[in-house]
Amino acid sequence: MNYFPLFADLNNRPVLVVGGGAVAARKVSLLLKANAEVRIVAQKLNAELTALLQQQRIIWLGKTFHADQVRSVFFVIAATDDEQLNHRVFVVAESQQKLVNVVDDQDHCSFIFPSIIDRSPIQVAISSGGAAPVLARLLREKLEALLPQHLGAMAEISGKWRHKVKSKLKTITERRRFWESLFNGRFAQLLKNRQIEQAKQELELQLKADYQGGSVALVGAGPGDAGLLTLKGLQEIQQADIVLYDALVSEEILGLVRRDAELVFVGKRAQGQQVAQEDTNSLLVQYAQQGKRVVRLKGGDPFVFGRGGEELEVLAENQIPFSVVPGITAAIGATAYAGIPLTHRDYAQSAVFVTGHRKADASDIEWQTLARSNQTLVIYMGTLKAKDIADRLQQYGRAAETPIAVISQGTQDTQKTQIGTLAQLAEIAENAPTPALIVVGEVVALHHKLAWFGEDKLAQKPPHFTLDSLRVA
Ligand code: SAH
């Protein structure tokens, strides 16, 4: 850490500014915002500073700088166009152990000013320690856009209510939940609409209400790469009291869960422990009834082959409030990272997602529909049934040379895409690392052209497809 960040209370504290031009005036106006007592030494004052002097908002000590002017101030800023004078101010201040800043001269600064995003009382200060001021400025612009204007009002009103809330809600958990639900709910919405009075009423109302009941958020974690988690999903896992997660949820995403939250594994793994669906359902109900904010975190999207619907039915039966945050499903994520567009005007007009793992036998499956050409077929949980699937598709008319891909651990560092023909599917799928997705269709041939995500290509010897032969007839 090359500079130590801190927020100083300048209220009625004297600070010295040496210089009376535009640069000095800019610093003075900032200091006045913090209610500092501004003392100035300058040959002459520009129009802005003259006006401030007339309003008695600043004190003009005189034209020449003396060492004793430094003695009683909190810190010193030098902003003259006289380099020698600036350096003298620096040396004098240093000798008296006063903080000093020579504007735009980092070598003569014992402290520097950060870029500021001001939503008082919320403030964000950014600095690159002088290394990349433009980068710091760009960051500031981004954050300016990101942080809503009503943040300040929100923090201010909350500050006034802190004591009342503390005396009503005894535990830290209760208070945290109260504030979080306030900052995410109608209170925030009203402030955003500048309906300040209504917002205060809402706060009062919420405090009177009983905050006993928990809730469940069913959140899709996406296929692995933590960058594919939605903003809303991130908010949910950072506000959770407890997170019930599956085997498919990546370590990287579990790392984003609020630190104090309890993590409970309820997945199904090939070997080792297995949690029955009924047990998961009743855990969800139990935790919510204890008043907890529960997140049920699932790989991909919770409604795509994820039994999310079944879990919600149980919650609905028990009158537990819930919400759903969709995630990027494996078929979308893994194919994107493998450079295989699910549809393409020249090769596929539709995409079908099916599961290879079925409750009953295969007789109810419409192989005719699945075997259609110029359609992309994505098969979840299909590697164990790959031989059967390949046989059936060919039996119902899909050509043996149709391109196929088996994508393992899609979107993760370990992603592996294996390309072949439908005739080779069983062999490729058999040895593929899991979880793996099977993609059957003409679009797979585009992989060679469009693969962009770093994978160890040397291990693979893919067959070569002529794209032209695969186009829509
Ligand atoms: N709800 C999940 C799917 C759960 S079913 C989703 O929307 O993605 C489990 C199957 O999903 C696995 O057998 C595999 O076929 C597929 N799958 C999940 N994550 C995957 C990944 N990162 N790469 C490849 N396939 C994946």
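Okay, let's start at the ligand. There are 18 residues around it, and D301, V304, T329, G410 and A436 come nearest. Keep in mind as you look that this is a predicted model.

What sort of residues make up that shell, by class? We get 11 nonpolar, 6 polar and 1 charged.

Now for the backbone, because three spots there are worth clicking on, and each pair counts as a polar contact when the N or O atoms are within 3.5 Å. Go to A436: a backbone N or O atom there sits 2.6 Å from an oxygen atom of the ligand. Then A330, where a backbone N or O atom is 2.9 Å from a ligand oxygen. And at G299, a polar backbone atom lies 3.0 Å from a nitrogen atom of the ligand. How much of the ligand does the protein cover? On its own the ligand has 540 Å² of accessible area, and the protein covers 92% of that.

Let's stay around A330 for a moment, since helix 14 runs over residues 330–337. Which of its residues are buried? Those are A331, G333, A334, T335 and Y337. As for what lies over them, the cover includes strand 13 (350–355), strand 14 (375–380), strand 15 (403–408) and strand 17. After the helix comes G339, and its phi is positive, near 65 degrees.

Next, the cis peptide bonds. One of them joins T434 and P435, with omega about -5 degrees. P435 is in the loop that links helix 17 (425–430) to strand 17 (436–440). So now look back at A436, one of the residues that come nearest to the ligand. Strand 17 covers 436–440, and strand 17 is also among the things covering the buried residues of helix 14.

Another cis bond goes from S120 to P121, and there omega is near 5 degrees. Where is P121? In the loop between strand 6 (115–119) and strand 7 (122–126).

While we're in that region, here's something from the database. UniProt, in an unreviewed entry, lists residues 119–145 as "domain: Siroheme synthase central". In the model, that span is 48% helix and 22% strand, and its end C-alpha atoms are 12 Å apart.

The unreviewed UniProt entry also lists S128, this time for "modified residue: Phosphoserine". You'll find S128 in the loop between strand 7 and helix 5 (133–146). Is S128 buried or exposed? Neither, quite: S128 counts as partly exposed because its relative accessibility is 24%. Leaving out residues up to four places away in sequence, S128 touches P133 and A136.

Last stop: two residues that aren't glycine but still have a positive phi. For N35, phi is near 65 degrees. N35 belongs to the loop between helix 1 (22–33) and strand 2 (37–41). With a relative accessible area of 43%, N35 is partly exposed.

The other one is Q56, with a phi of about 60 degrees. Q56 is in a loop too, the one between helix 2 (47–54) and strand 3 (58–62). Why does Q56 count as exposed? Because its relative accessibility is 72%, and the cut-off for exposed is over 50%.

Okay, back to the ligand to finish. If you remember one picture, make it the backbone atoms of A436, A330 and G299 beside the ligand, with the protein covering 92% of the ligand's accessible area. That's me done, thanks!

Conventions:
Residues are numbered from 1 along each chain as its sequence is written. This is a predicted model: local features need pLDDT of at least 70, side-chain atom pairs count only at pLDDT 80 or more; totals for chains, interfaces and linings use all residues. Side-chain values use heavy atoms; hydrogens and water are left out. A residue is near a molecule or strand if one of its heavy atoms lies within 4 Å of it. A polar contact is a pair of N or O atoms within 3.5 Å; within protein, one must be able to donate a hydrogen and the other to accept it, and residues adjacent in sequence count only if both atoms are side-chain atoms. Accessible areas come from the Shrake-Rupley method with a 1.4 Å probe; for residues, only the protein chains shown count as cover. Ala, Val, Leu, Ile, Met, Phe, Trp, Tyr, Cys and Pro count as nonpolar, Asp, Glu, Lys and Arg as charged, and the others, Gly among them, as polar. Helices (H or I, at least four residues) and strands (E, at least two) are DSSP runs, numbered from the N terminus. Buried means under 20% relative accessible area, exposed over 50%, partly exposed in between (1.4 Å probe, protein chains only). UniProt positions are given in the numbering used here, feature names are shortened, and annotations may be inferred rather than shown by experiment. Contact means heavy atoms within 4.5 Å.
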